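Colleague: Please take a close look at how the strands of this model pair, and at what lies around them. I work at the bench, so plain words will do.

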Amino acid sequence: MPEQHRIVILGGGFAGLYAALELEQNFAGKPNVQITLVNRENFFLFTPMLHEVAAGDLDLTNIVNPIRKLLRHVAFFEGQVQEIDLETRRVLVSHGFDGHAHEIVFDQIVLALGSTTQFFGLPGVEENALTMKSLSDAVRLRNRLIAILEAADTECSLSERQALLSVAVAGAGFAGVETLASINDFLRNSLRYYPNLSLQDLKLTLIHPGDVILPELSPKLGNYAQQKLEKRGIEVLSHSRVSSYDGAIINLADGTKLAAETLIWTAGTMPNPLIANLPCPIERGRVKVTAELAVPDWPGVWALGDCAVVPDLSTGKFCPPTAQHALRQGKVVAQNIIAHAEGGSFRKFDFKTIGQLATIGHRAGVASVFGVNISGFLAWWMWRTIYLSKLPRLEKKIRVALDLTLDLLFSKDLCQFIDVRQEHKMSNNNLGHLQEEAHPQAQLKEPALETSAIA
């Protein structure tokens, strides 16, 4: 190993974080090894529980872990990756309030940048639909649900109440089904506090192009989940695709129009756009790697998680982009990084899916564990137990366990998380527009008033 060996990990999701944790255990205390994790947020988000934040089951801070608390001997850099130069072994990262650039040099690099939402260029979808990929997405959705309840409960909204309380989800994978099932419970349980609203006013729709929902599971479990959702008042539109959305009307490919003030888009993902610009083998927008997670012809360059096409040695196909695969890939790639630095032998990634679980609301779930299909309350209990055990740090486990226990005893909180200063700014802007329309000449003569810092 040279006098100074620099390892850079891009991305702080399951793949990147667990690679850093494994490297920290093996390289801790070695002064000639410098490990840096780069991520745009300073926390690790436990995405399987994201929909429970949107539905008010969990506090938003309890499913995130500060990276600096998880990693004691790995340097952390908060910034947005702008450019990756494999030839000169440099990464350009924007950082700070002004977005100034930093250049990070590496000897070995781990590409674990994950994926982003794919809108397929559909008119109006990206501009008007909500997504469920980040913590801010979950908070935004929660605020949106409470806002439509508050707006629909007033007499002035009587004519548009049906549209306000119409919520649609596009995409029937795990994210779409779990999100819709959770918010269905949230809305129905919250109606008791809105005297002018009833269950008949709610309309929740699941739009998907397949035969049954949850195609990752068996058709039997998919049919069971679909029947449960329909029994709880959710309309499931099979063989349907969204063609456009203007914020009020969802146009489907078959010409059907749905009035809905809220569309949640979970129908597609794509790798980080930076991956497509790399001078290495790319397949389906992802980096093509060997079974050792190495990028061919680029020694010391590794890729894993959602932004890599990883061969599945057990099936002969490719590994699915799931958390259970990503975290194990992180551990394997860390061991191969050590072998590359110290001259050892590489290890192949060989892992079979243990199982897949999904919640479908009302304390019910579906699961396939070691080939055994499970549904109902037992599957829901397994979902919560297994994911609780996978949550990093004892502190967060205890906090989530308390949240889940309190959720069984008390009703959901209906407080919105609003940036008061931003709302005040928007109100002032709206007021300015109204004054300009009413008194256009006065706006030309009088200077603008400054807002009080105390206000």
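Modeller: A term is needed before the aromatic residues can be discussed: rings of Phe, Tyr and Trp, with the six-membered ring used for Trp, pair if their centres lie within 6.5 Å. By that rule, the whole structure, which is a predicted model, has nine aromatic pairs. Ring pairs join F14, Y18, F44, F46, W383 and Y387 into a cluster.

Now the strands. In a sheet, strands pair through backbone hydrogen bonds, and the pairing is either parallel or antiparallel. Both kinds turn up here.

Take the antiparallel case. Three strands make an open sheet, and their order is β6-β7-β8. The edges are taken by β6 (80-85) and β8, each of which has a single partner strand, so one side of each lacks a neighbour in the sheet. Direction ignored, neighbouring strands here are turned by 25° against each other on average.

Which strands does β7 pair with in the antiparallel sense? Five bridges hold β6 and β7 together in that sense, and six bridges do so for β7 (residues 90-95) and β8 (residues 100-105). S94 shows how the sheet is laid out: S94 of β7 is the bridge partner of Q80, and the bridge partner of S94 in β8 is A101. Elsewhere along β7, V93 stands opposite V81, while V91 has I104 of β8 as its bridge partner.

The turns can be followed in the same sheet. Four residues separate β6 from β7 in their hairpin, and R89 there takes a positive phi near 60°. The hairpin of β7 and β8 has four residues between its strands, and in that turn G96 has a positive phi of about 85°.

The parallel case comes next. Five strands form an open sheet with parallel pairing, in the order β5-β2-β1-β9-β22. At its edges stand β5 (75-78) and β22 (301-303), each with a single partner strand, so each has one side without a neighbour in the sheet. The average turn between neighbouring strands of this sheet, direction ignored, is 15°. Within the sheet, β1 and β2 (residues 33-39) run parallel and are joined by six bridges. One of the matched positions is V8, whose bridge partner in β2 is T36. Helix α1 (residues 14-27) packs on this sheet and touches β1 and β2; the direction of α1 makes about 155° with that of β1.

A side-chain link also reaches β1. The structure holds 11 salt bridges. One of them joins the side chains of R6 and D107, with 3.1 Å from N to O. R6 is in β1 (residues 5-10), and D107 is in the loop between β8 and β9 (108-111), so the pair ties together parts that lie 101 residues apart in sequence.

Last, a pair of helices. Helix α10 (residues 377-390) packs against helix α11 (residues 394-409) at an angle of about 155°, and the axes are 9 Å apart. Angles over 145 degrees count as roughly antiparallel, which is why α10 is described as roughly antiparallel to α11. From α10, W380, R384, L388 and S389 make the contact, and from α11, K397, V400, A401, L404, D407 and L408 do. Sorted by character, the residues of this contact are six nonpolar, one polar and three charged.

Key: Residues numbered from 1 in each chain as written. Predicted model: local features only at pLDDT ≥ 70, side-chain atom pairs only at ≥ 80, totals over all residues. Heavy atoms only, no water. Axes fitted to C-alpha atoms, helices over the stretch in contact; angles between N-to-C directions. Helix = DSSP H or I, 4+ residues; strand = E, 2+ residues; numbered from the N terminus. Parallel < 35°, antiparallel > 145°, perpendicular 65-115°, else oblique. Contact = heavy atoms within 4.5 Å. Nonpolar A, V, L, I, M, F, W, Y, C, P; charged D, E, K, R; others polar. Pairing = 2+ DSSP bridges. Phe/Tyr/Trp six-rings, centres within 6.5 Å; stacked < 30°, edge-to-face > 60°. Salt bridge = Lys/Arg side-chain N within 4 Å of Asp/Glu carboxyl O.
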